[in-house]
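Please open the model in your viewer and set the display to a cartoon, with side chains ready to be switched on. The tour below goes from the whole chain to its interior, one selection at a time.

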Amino acid sequence: MPILKKRDHQTESRLLLESDDPIDLPPAEIADDAVLAQFDKFKSFIPELLDELRAGTTAEPVPVMNDGSTFAIHGETRTFWVKLWHAAGTELTKIERAQIISCLPSTRGTNVIIGDE
């Protein structure tokens with residue numbers, strides 16, 4: 001009896017977002033339960049990430065990760081480090097899965113003044 005390898009059709013239809021350059025993400029469909037958080041303390045911030053992805057945003061590569069698939073998404077109050085999987089053939093308009101690696105308070109627009117100047 002021959003051994004048949006079962007094809008994983010889900011893998012073929014879900015693509016990991018990868019790039020060394022920032023990517024402009026169009027407004028996307030994403031289900032509320034499509035976001036995984038690495039740590040429970042990040043779960044309360046999931047709605048902010050969902051809002052950003054649904055509105056369209058820029059995904060900036062996180063240079064310290066060196067993997068080409070971890071991106072910073074800037075929300076109103078937080079910066080999310082995420083991995084994104086999108087549905088094949090949807091031009092990034094349907095996100096199947098998002099994994100939050102880290103979630104930091106946003107410092108965008110903050111100026112640091114050192115000294116008396």
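The stops that follow cover the whole chain, the nonpolar core, one residue within that core, and a cavity.

Begin with the whole protein chain, keeping in mind that this is a predicted model. Coloured by secondary structure, the chain shows two helices and seven strands, which from the N terminus on follow the order α-β-β-β-α-β-β-β-β. If you switch to a surface view, the accessible surface comes to about 8,000 Å², with 52% of that belonging to carbon and sulfur atoms, while buried residues make up 34% of the 117 residues. Among contacts between residues at least 6 apart in sequence, 60% join residues at least 24 apart.

Next, select Leu25 and Ile100, which touch the most other members of the largest nonpolar core, a set of 23 residues. To see where this core draws its residues from, add β2 (23-25), α2 (46-55), β5 (71-74), β6 (78-87) and β7 (95-105), the elements that each give two or more residues to it. In soluble globular proteins, nonpolar side chains tend to be buried together.

Now keep Ile100 and show its surroundings: leaving aside residues up to four places away in sequence, Ile100 touches Val35, Leu36, Ala37, Gln38, Phe42, Ile46, Leu49, Phe80, Trp81 and Val82.

Finally, which residues line the largest cavity? Select Leu17, Leu25, Leu84, His86, Leu92 and Ile95, which form its lining, and note that this lining divides into five nonpolar residues, one polar and no charged. The volume of this cavity is about 30 Å³, and the structure holds one cavity of 30 Å³ or more.

Terms used. Residues numbered from 1 in each chain as written. Predicted model: local features only at pLDDT ≥ 70, side-chain atom pairs only at ≥ 80, totals over all residues. Heavy atoms only, no water. Helix = DSSP H or I, 4+ residues; strand = E, 2+ residues; numbered from the N terminus. Buried < 20%, exposed > 50% of the residue type's maximum accessible area, 1.4 Å probe, protein only. Contact = heavy atoms within 4.5 Å. Areas by Shrake-Rupley, 256 points an atom, 1.4 Å probe, with all protein chains shown as cover. 1 Å grid on protein atoms, 1.4 Å probe; cavity = no way out; pocket = protein on both sides within 12 Å on 5 of 7 lines; lining within 4 Å. Points joined across faces, edges and corners; volume = space filled by probe spheres on them. Nonpolar A, V, L, I, M, F, W, Y, C, P; charged D, E, K, R; others polar. Core = buried A, V, L, I, M, F, W, Y, C linked by side-chain atoms within 4.5 Å.
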